[in-house]
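Please examine the sequence and the model below. The questions that follow ask how each description is justified.

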Amino acid sequence: MSDRPKVAVIVGSLRAQSVNRRLAEAIAKTVAGKLDLQIVDYADVPLYNQDHEADPPAAVIAFKDALKAADAVLFVTPEYNRSMPGVLKNAIDWASRPPGQGVWSGKPAAIAGATPGAVGTAAAQVDLRNVLTAINVAVMGMPQIYFTHKDEHYTADGGFSDPKFAAFIEGWGDKFAAWIAKMNG
Ligand SMILES: Cc1cc2nc3c(=O)[nH]c(=O)nc-3n(C[C@H](O)[C@H](O)[C@H](O)COP(=O)(O)O)c2cc1C
């Protein structure tokens, strides 16, 4: 399975019990036969400050290196006040700088999100997609993953309890793998 595309997963929540981390882990498990999804730890990336851009903190360098080494990126984002969390936007901004040294342009990507609320992070995903378009990330259009979090949506071993949803995620994985191959030529 070593030729599986490497996908850096950016979870837009830093908390230990994040439902988005849980979704990311279940997606990774479900598509493990076709994609190598690894969650990137960016908890130590500080608030963006242009004064430090020319000599960035080690956590920023490590974050950018992890993205450069990946064939693609999967964003798994919460919705905060109908947009993406600040920690996610902050990390995206750091990795877009300095001019000419950003990591985003042309990178294949997909978006998912989980919330206990009813709208499945749809508003956050629209905002995130708009930001990613501005830095030329090649975001897959469809299928899209909107997940209403409930504990019973997961099995004890961290998979999806609904076989139909698990099949949907497997199909999503096939399409994302095809998208990555197409974008990376
Ligand atoms: C500041 C803040 C704003 C929130 N705004 C929304 C929102 O607009 N829509 C929504 O569905 N949930 C909202 N929530 C609830 C989150 O969906 C919920 O806290 C979720 O568990 C966060 O994701 P996480 O578990 O991955 O950290 C908000 C939570 C916080 C802390």
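The questions and answers below concern a predicted model, beginning with the ligand and ending with a helix.

Q: What makes Arg-15 a polar contact of the ligand?
A: A polar side-chain atom of Arg-15 lies 2.7 Å from an oxygen atom of the ligand. A polar contact requires a pair of N or O atoms within 3.5 Å, so this pair qualifies.

Q: Which atoms of Ser-18 and Arg-82 lie 2.6 Å and 2.9 Å from an oxygen atom of the ligand?
A: For Ser-18, an N or O atom in the side chain is 2.6 Å from a ligand oxygen. For Arg-82, a backbone N or O atom lies 2.9 Å from an oxygen atom of the ligand. The protein covers 71% of the 620 Å² of accessible area that the ligand has on its own.

Q: How are the residues of the shell around the ligand divided by class?
A: The shell has four nonpolar, five polar and three charged residues. Residues around the ligand include Val-19, Asn-20 and Glu-79.

Q: How do you know that the span of helix α4 agrees with its number of residues?
A: Helix α4 has 13 residues (residues 122–134), which at 1.5 Å a residue should span 18 Å. The end C-alpha atoms are 19 Å apart, which agrees.

Q: Why are the buried residues of α4 said to be on the same side?
A: The buried residues of α4 are Ala-124, Gln-125, Leu-128, Val-131 and Leu-132. They cover an arc of only 125° around the axis, and therefore they are on the same side of α4. On the other side of α4, Val-126, Asn-130, Thr-133 and Ala-134 are exposed.

Terms used
Residues are numbered from 1 along each chain as its sequence is written. This is a predicted model: local features need pLDDT of at least 70, side-chain atom pairs count only at pLDDT 80 or more; totals for chains, interfaces and linings use all residues. Side-chain values use heavy atoms; hydrogens and water are left out. A residue is near a molecule or strand if one of its heavy atoms lies within 4 Å of it. A polar contact is a pair of N or O atoms within 3.5 Å; within protein, one must be able to donate a hydrogen and the other to accept it, and residues adjacent in sequence count only if both atoms are side-chain atoms. Accessible areas come from the Shrake-Rupley method with a 1.4 Å probe; for residues, only the protein chains shown count as cover. Ala, Val, Leu, Ile, Met, Phe, Trp, Tyr, Cys and Pro count as nonpolar, Asp, Glu, Lys and Arg as charged, and the others, Gly among them, as polar. Helices (H or I, at least four residues) and strands (E, at least two) are DSSP runs, numbered from the N terminus. The expected span of a helix is 1.5 Å times one less than its number of residues. Buried means under 20% relative accessible area, exposed over 50%, partly exposed in between (1.4 Å probe, protein chains only). The arc is that of the directions from the helix axis to the C-beta atoms.
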